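Q: I should like a close look at a single part of this model, with its surroundings described in one connected account.

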Amino acid sequence: MPDPFDPAEFDTPPPADPGADYRVLLDAMRQAGADGIAQQSAALVQKIEQDARQRLEWGQRMGTAVDDLQRAAGQLQRVSAGIWWDRLKEWLSAALIALALIFAAALAYQWAKEPKIERQLYGCTARWDAKTQQCKGDWVPLQAQ
């Protein structure tokens, strides 16, 4: 005659749903005696404790991973701000150099436009400002007489 209590049917792992664990226990209580219920209950309690420990360890690992990600994000933000600041300084220095070149070119143009050494060979086409010693018009070569 077959044994009414077959321990092989309790070897399957409990489902992921915690409520399903209790259904297995209730089925075991209906089918087995007090010894079977005690064994099944102990196995179920061990499985629940093991799952709880695994969830705790997983939570701790995930917490550590989140902390590492936040730390890396903070470092990335600081590096990004540093790169932005460096780029801004590069652009500002390039703009200052460009302005200095434009100013130097404007001075050179003004200097080349007004001959100062050969003033007797050139004449001013407009009004001469005696105070600043500058011609308000253009310089033209004088005709020899």
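Is W84 buried, partly exposed or exposed, and what is its relative accessibility?

A: W84 counts as exposed, at 55% relative accessibility; here buried means under 20% relative accessible area, exposed over 50%, and partly exposed in between, with a 1.4 Å probe and protein chains only. The model is a predicted one, in which local features need pLDDT of at least 70 and side-chain atom pairs count only at pLDDT 80 or more, while totals for chains, interfaces and linings use all residues. Residues are numbered from 1 along each chain as its sequence is written, and side-chain values use heavy atoms, with hydrogens and water left out.

W84 lies in helix α2, which covers residues 34-113. The chain as a whole has two helices and four strands, arranged along the sequence as α-α-β-β-β-β; helices (H or I, at least four residues) and strands (E, at least two) are DSSP runs numbered from the N terminus.

The neighbour in sequence, W85, is partly exposed, with a relative accessible area of 46%. One aromatic pair is counted in the model. W84 and W85 form this pair, with 6.3 Å from centre to centre and 40° between the planes, a tilted arrangement. The rule pairs rings of Phe, Tyr and Trp (its six-membered ring) whose centres lie within 6.5 Å; planes under 30 degrees apart count as stacked, over 60 as edge-to-face and the rest as tilted.

Both tryptophans also belong to a nonpolar surface patch, together with L88 and L92. The four residues have about 450 Å² of accessible area together, by the Shrake-Rupley method with a 1.4 Å probe, where for residues only the protein chains shown count as cover. Patches are made of residues with over 30% relative accessible area and no salt bridge; like charges are joined within 9 Å, and nonpolar side chains (Val, Leu, Ile, Met, Phe, Trp, Tyr) within 5 Å.

Charged residues of helix α2 form salt bridges, each defined as a side-chain nitrogen of Lys or Arg within 4 Å of a carboxyl oxygen of Asp or Glu. K89 and D86 are joined in this way, at 3.6 Å from N to O. Because K89 and D86 are three residues apart in helix α2, about one helical turn separates them. K89 is partly exposed at 41% relative accessible area, and D86 is likewise partly exposed at 40%. E90 forms a salt bridge with R87, the closest N and O atoms being 4.0 Å apart. E90 and R87 are also three residues apart in helix α2, about one turn, and E90 is partly exposed at 48% relative accessibility.

Elsewhere in helix α2, the side chains of R71 and D68 meet in a salt bridge of 2.8 Å, N to O. R71 and D68 are three residues apart, so about one helical turn lies between them. R71 has a relative accessible area of 47% and D68 one of 39%. The whole structure holds four salt bridges.

For the wider setting, buried residues make up 12% of the 145 residues in the chain. The chain exposes about 12300 Å², of which carbon and sulfur atoms supply 62%. Among contacts (heavy atoms within 4.5 Å) between residues at least 6 apart in sequence, 18% join residues at least 24 apart.
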